[in-house]
Amino acid sequence: MLSTAGAALPADTAVVAGAALRTFFNIADAWRLNAEQAMTLLGLDSRSTYFKWKKSPESASLNPDKLERLSYIFGIYKALQILLPQAEAADAWMQQANQAAPFSGQSALQRMLSGRVADLYVVRQYLDAQCGWA
């Protein structure tokens, strides 16, 4: 639940974290990410935190950076499901070399694995444009 200011209400923090991270880990499985790749997308450098969150997602404290990263990842996943309705094709797209301008022959995943939030944004923006949302 959001307050009128748009911030998550404190009582819902565990619920939001749990739902968001369960969704993220499902996407990470679909995209066949290893732990290091998933950690990079989340902006984590602690393996212990990653595995704690994976085991007990509602225990996580998600700061604005983590929430922003998750938002971009969820949008990327959604756009791919719309553009490529076969789940296998949508998930495989992440790993395929891409000649489009934002990727320069790299896969979207390679671009996203720079670790910068800006690269998640670029991939999301590209897919939103492909959906006609930009």
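1. Start with Arg32: at 72% relative accessibility, this residue counts as exposed. Arg32 sits in the loop that links helix 1 (13-30) to helix 2. Have a look at its backbone too, since phi of Arg32 is near 60°, a positive value in a residue that isn't glycine. Bear in mind as you read on that this is a predicted model.

2. Ser104 tells a similar story. Where does Ser104 lie? You'll find Ser104 in the loop between helix 5 (87-93) and helix 6 (108-112). Its phi is positive, about 50°, although Ser104 is not a glycine. Is Ser104 buried or exposed? With a relative accessible area of 63%, Ser104 is exposed, because anything over 50% goes in that class.

3. Now the overall fold. The secondary structure comes to seven helices and zero strands, so if you walk along the sequence you simply read α-α-α-α-α-α-α. The C-alpha trace spans about 45 × 35 × 25 Å along its principal axes. As for the radius of gyration, a compact globule with 134 residues would have a value near 14 Å, and the protein has 15 Å, which agrees.

4. A few totals for the whole chain. Buried residues account for 37% of the 134 residues. The protein exposes about 7,400 Å², and carbon and sulfur atoms supply 54% of that area. Looking at contacts with a separation of 6 or more, 52% of them join residues 24 or more positions apart.

5. On to the helix pairs. Two packed helices are described by the angle between their axes and the distance between the axes. Take helix 2 (residues 35-42) and helix 3 (residues 47-55): they pack at an angle of about 90°, with axes 11 Å apart. That makes helix 2 roughly perpendicular to helix 3, as angles of 65 to 115 degrees are put in that class.

6. Which residues bring helix 2 and helix 3 together? From helix 2 come Ala35, Glu36, Ala38, Met39 and Leu42, and they meet Arg47, Tyr50 and Phe51 in helix 3. Sorted by class, this contact has six nonpolar, no polar and two charged residues.

7. Helix 2 also packs against helix 4. The axes of helix 2 and helix 4 come within 8 Å and cross at roughly 110°, and helix 2 and helix 4 are therefore roughly perpendicular to each other. On the helix 2 side the contact is made by Thr40, Leu41 and Leu42, while helix 4 brings Asp65, Lys66, Arg69, Leu70 and Ile73. By class that gives four nonpolar, one polar and three charged residues. Leu42 is worth clicking on, as it takes part in the contact with helix 3 and in the contact with helix 4.

8. Last, Leu80, whose place is in helix 4 (residues 64-83). Leu80 counts as buried, at 2% relative accessibility, because the cut-off for that class is under 20%. What does Leu80 touch? Leaving out residues up to four places away in sequence, Leu80 touches Trp31, Ala90, Trp93, Met94 and Leu127. Of these partners, Leu127 is 47 residues away from Leu80 along the chain, yet their C-alpha atoms are separated by 7.3 Å. Another partner to pick out is Trp93, which falls at the end of helix 5 (87-93).

Technical notes: Residues numbered from 1 in each chain as written. Predicted model: local features only at pLDDT ≥ 70, side-chain atom pairs only at ≥ 80, totals over all residues. Heavy atoms only, no water. Axes fitted to C-alpha atoms, helices over the stretch in contact; angles between N-to-C directions. Helix = DSSP H or I, 4+ residues; strand = E, 2+ residues; numbered from the N terminus. Parallel < 35°, antiparallel > 145°, perpendicular 65-115°, else oblique. Contact = heavy atoms within 4.5 Å. Nonpolar A, V, L, I, M, F, W, Y, C, P; charged D, E, K, R; others polar. Buried < 20%, exposed > 50% of the residue type's maximum accessible area, 1.4 Å probe, protein only. Rg over C-alpha atoms; globule rule 2.2 N^0.38 Å. Areas by Shrake-Rupley, 256 points an atom, 1.4 Å probe, with all protein chains shown as cover.
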